[in-house]
Structures are given as C-alpha cells and as structure tokens.
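Hi everyone, thanks for coming. I'd like to walk you through the cysteines and then the nonpolar packing in this one.

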Amino acid sequence: MRARDLMPKDPAVCRREHTARDAARVMRDRDCGCVPIVDDAGSVVGIVTDRDLAVRAIASGKDSTTKLNDLMTPVAACCGPDDDLRDVEQKMAELQIRRIPIVDAAGRCVGIISQADIARSAATDSSVTDQEIALVVEQISQPAGRGRTRADIGNGIDEGIAPQF
C-alpha cells in the first residue's frame, strides 16, 4: 500500500500568520486534530496540533489571536505520495510523531497520514496486521531509545503476544 492510498486528500492548511483561533476553527470544521502550516509557495514548514493549542497557547496564557508561527512545531520530515506505507510507519516511529504530512515533489502538502489512518487501514488491507499496528503505536508512544524495530517482529521477539490497546 502506498501513502496516496491511505492519506485523506485535500488537507486543510494554515499559514504562519494565521491565529490559534483560525487553526481551532479548521480543526473543528474539518474534524481533524492537526493542521499543516505552509509558506507562500504551499510548502510545509510546520504543523499545529490540538495539543499545541492547549499546551502552547491556552496553558501558557496566550490568547486566541496568537500567531501560529509562535505555536507550530517545525516539520522535521514529510513523506511522498508514492512512499510505501511501511516507510511511512517507520518514519513516524523513528520520529515518534502521530501525524506526518504527505508532500508532492515541490514540497506542497497533498495529504496527511495519522496514526489512526494506519490503524483503520488494517480493515481494508490484509497486509497490515494488528501486531504491526500495535508496534507502530508502541514505538511512537515510547520514550526515545526504548522502541523495538520492525525486524524484531520478523525475528519472533513478539510472537504470541496479542496487541493491547
């Protein structure tokens, strides 16, 4: 399975000069938990999550007019639409991120894949196993340096252990 087969298309995006309120409205209206931040060319430069709004804005005493440039997390990595789902999973696990922007050759955001998208893919793609999903969730959620690799599954380290959610 390729990223393009899984990613929700036409993601909502914001710009650095938009506000926390703008991002919150996009999240509400599009029923999503994050919004990629793009520059004038449409290239992804950051991402703002619902958690960023709660922790970096509200909990820090900032108001709803705070610019997203002050709240966003710079994007360290993106994937392409032709990337294999396994590569997307690996990148998310390595970086311990729950969402990753999908960009075209020019760096423009064409989609986004979340941990939940990967979990839902098991229902439509028999090559994605429950054990694999559990491993990705575990690696994303674990403190750095303590995750197991995909090779561990192939070596039988996790055999006989049912995924627990």
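Let's start with the rule for a disulfide: a pair of cysteine sulfur atoms within 2.5 Å. By that rule, the count here is zero. Why do Cys78 and its closest cysteine sulfur not form a bond? Because that sulfur, in Cys109, is 7.4 Å away from the sulfur of Cys78, which is too far.

A word on where this comes from. This is a predicted model, where local features need pLDDT of at least 70 and side-chain atom pairs count only at pLDDT 80 or more, while totals for chains, interfaces and linings use all residues. Residues are numbered from 1 along each chain as its sequence is written, and side-chain values use heavy atoms, with hydrogens and water left out.

Back to that pair. Cys78 is partly exposed at 22% relative accessibility, whereas Cys109 is buried at 16%; buried means under 20% relative accessible area, exposed over 50%, and partly exposed in between, using a 1.4 Å probe and protein chains only.

Now the packing. A nonpolar core is a set of buried Ala, Val, Leu, Ile, Met, Phe, Trp, Tyr and Cys residues joined through side-chain atoms within 4.5 Å. The largest one has 15 residues, and Cys14, Ile37, Val48, Leu53, Leu68 and Leu71 touch the most other members. Beyond its neighbours within four places in sequence, Cys14 is in contact (heavy atoms within 4.5 Å) with Ala23, Val26, Val35, Pro36, Ile37, Val38 and Leu68. There is also a second, separate core of 11 residues, including Leu85, Met92, Ile102 and Ile118.
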